[in-house]
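Please open the model in your viewer and keep the sequence panel beside it, since the stops below are given by residue.

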Amino acid sequence: MKKILVIHGPNLNLLGVRETSIYGSSSLEEINAKLEGLARVSGVELTFFQSNHEGDIVDIIGKSHRDGFSAIVINPAAYTHTSVAIRDAISAVNVPAVEVHLSNIYKREEFRHHSLIAPACVGQVSGFGVQSYVLGLSAAIALLSK
Ligand code: CA2
């Protein structure tokens, strides 16, 4: 069975508790459960990883090929706008990545309009709440049969 790595960046562990008007009321566990449902019917295996630490995210991406992952779905959260290291890690591994955001980063503060990660990804989904993850995972699953 093909394996997909789902990475949640910093502070996404707080979902469902604060800032619900921007990010919705689903917890990270609820988002993961929803993705599990799609994975089950699609015949793929998911591994979930959340970290508030840039280096830990770089490390798991760096060994993703070795660990047998065929695709990555990543919400880099605030690192979207700052992390050359995560971008370089995605560019360095031979594993296609899909970037997802709960909010529409292009209609928020100007500093969120630019993603350093996007050029290293196959594509990006932004602004659909939990559905961004579902769409992103669907896109990643479609990549597997390419
Ligand atoms: O819209 C997204 O998914 C973001 O990646 C979320 C990041 C933000 O920095 C990006 O610009 C867009 C923030 C995630 C923090 O999540 C929180 C959840 C609850 C309470 C506070 C923060």
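**First stop: a loop**

Select asparagine 11, which lies in the loop between strand 1 (3–8) and helix 1 (20–23); helices (H or I, at least four residues) and strands (E, at least two) are DSSP runs, numbered from the N terminus. The model is a predicted one, in which local features need pLDDT of at least 70 and side-chain atom pairs count only at pLDDT 80 or more, while totals for chains, interfaces and linings use all residues. Residues are numbered from 1 along each chain as its sequence is written, and side-chain values use heavy atoms, with hydrogens and water left out.

The phi of asparagine 11 is near 75°, a positive value in a residue other than glycine. Move next to glutamate 19, which belongs to the loop between strand 1 and helix 1 and has a positive phi of about 55° although it is not a glycine.

**Second stop: the whole chain**

Zoom out to the chain, where 5 helices and 5 strands are found, and follow them from the N terminus in the order β-α-α-β-α-β-α-β-β-α. The radius of gyration, taken over C-alpha atoms, is 14 Å, close to the 15 Å that the globule rule (2.2 Å times the number of residues to the power 0.38) gives for 146 residues, so the chain is as compact as a globular protein of that length.

**Third stop: the ligand**

Now select the ligand and the 17 residues that surround it, the closest being Asn75, His81, His101, Leu102 and Ser103; a residue counts as near if one of its heavy atoms lies within 4 Å. Which atoms approach the oxygen atoms of the ligand? An N or O atom in the side chain of histidine 81 is 2.7 Å from a ligand oxygen, a polar backbone atom of leucine 102 is 2.8 Å from one, and an N or O atom in the side chain of arginine 112 is 2.9 Å from one. Taken alone the ligand exposes 500 Å², of which the protein buries 93%, with accessible areas coming from the Shrake-Rupley method with a 1.4 Å probe.

How values were computed:
A polar contact is a pair of N or O atoms within 3.5 Å; within protein, one must be able to donate a hydrogen and the other to accept it, and residues adjacent in sequence count only if both atoms are side-chain atoms.
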